[in-house]
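Student: Can we go through the charged side-chain pairs in this one? I have it open.
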Amino acid sequence: MSEYPLFMPPNELAEKGAQNWNKKEAQAYFDWFLSVRYERVKFLLQYINNYTNFENNLKLITEVNRKVFYLIQNEHFHTIREFDGGMKLNNQGLAVVVDFGLLVAQFLEEKNPSLFWKIAKGPKSYHSYNLPVLDGFSNGEYDLVFISINKFGYALNHQKSPYDWNKFIKELQTRIL
């Protein structure tokens with residue numbers, strides 16, 4: 001199995017951590033994020049099933065979701081937690097599910113041009129503080145990277161089956177301004 005490329009922001013930003021960035025550093029990460037997101041999605045689709053183009057439909061999301069779920073069960077994409085025997089995504093596993101979150105974001109953006117990326121504000125305790133979030137929803141912004149990591153982790157350790165992303169996406173679409 002070939003190595004999956006890690007989701008690696010510029011070193012100086014990764015080492016400092018989003019909670020500690022100043023405005024200039026948050027903007028640098030934001031610019032980097034926007035510059036790599038389409039290539040990350042493209043690579044994910046090629047890695048999963050050798051797709052050569054992006055078909056923007058829920059059928060593709062369903063198929064890729066299922067394949068990612070089974071892929072991250074492979075020992076190359078997770079470690080086993082000692083305290084409970086659960087699966088914890090390693091750096092390669094995290095990269096795959098981050099890229100899936102970017103796929104969902106791309107799907108939503110192309111279907112809904114009113115959506116836009118922005119840098120999350122709020123208290124430093126906010127999990128998405130200083131990170132890119134998708135905005136334009138009636139109930140606020142969504143960090144689809146964070147959501148993807150959480151949904152796949154839950155699916156691996158509790159559901160034991162793929163999460164229903166189609167249902168989630170349809171729900172999100174009802175909240176688009």
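Tutor: What follows covers salt bridges in this predicted model.

Student: How many salt bridges are there?
Tutor: The count comes to eight salt bridges.

Student: Start with lysine 16. What does lysine 16 form a salt bridge with?
Tutor: Its partner is glutamate 25, and the closest N and O atoms lie 2.9 Å apart.

Student: Is lysine 16 buried or exposed?
Tutor: Lysine 16 falls in between: its relative accessible area is 35%, so it is partly exposed.

Student: Moving on to helix H3. Which residues does H3 span, and how far apart in it are lysine 67 and glutamate 63?
Tutor: H3 covers residues 58-71, and the two sit four residues apart in it, which means a separation of about one helical turn. Their side chains meet in a salt bridge, at 3.4 Å from N to O.

Student: And what is the relative accessible area of glutamate 63?
Tutor: Glutamate 63 has 23%, which makes it partly exposed.

Student: Different pair now. Which residue does aspartate 84 form a salt bridge with?
Tutor: Aspartate 84 pairs with arginine 81, with 2.8 Å between the closest N and O atoms. Aspartate 84 is partly exposed at 42% relative accessibility. Arginine 81 also counts as partly exposed, at 23%.

Student: Which residues are joined into one network by salt bridges that share partners?
Tutor: Lys118, Asp135 and Glu141 are joined that way.

Student: Why do side chains like these pair at all?
Tutor: Side chains of opposite charge can pair when their charged atoms come close.

Notes:
Residues numbered from 1 in each chain as written. Predicted model: local features only at pLDDT ≥ 70, side-chain atom pairs only at ≥ 80, totals over all residues. Heavy atoms only, no water. Salt bridge = Lys/Arg side-chain N within 4 Å of Asp/Glu carboxyl O. Buried < 20%, exposed > 50% of the residue type's maximum accessible area, 1.4 Å probe, protein only.
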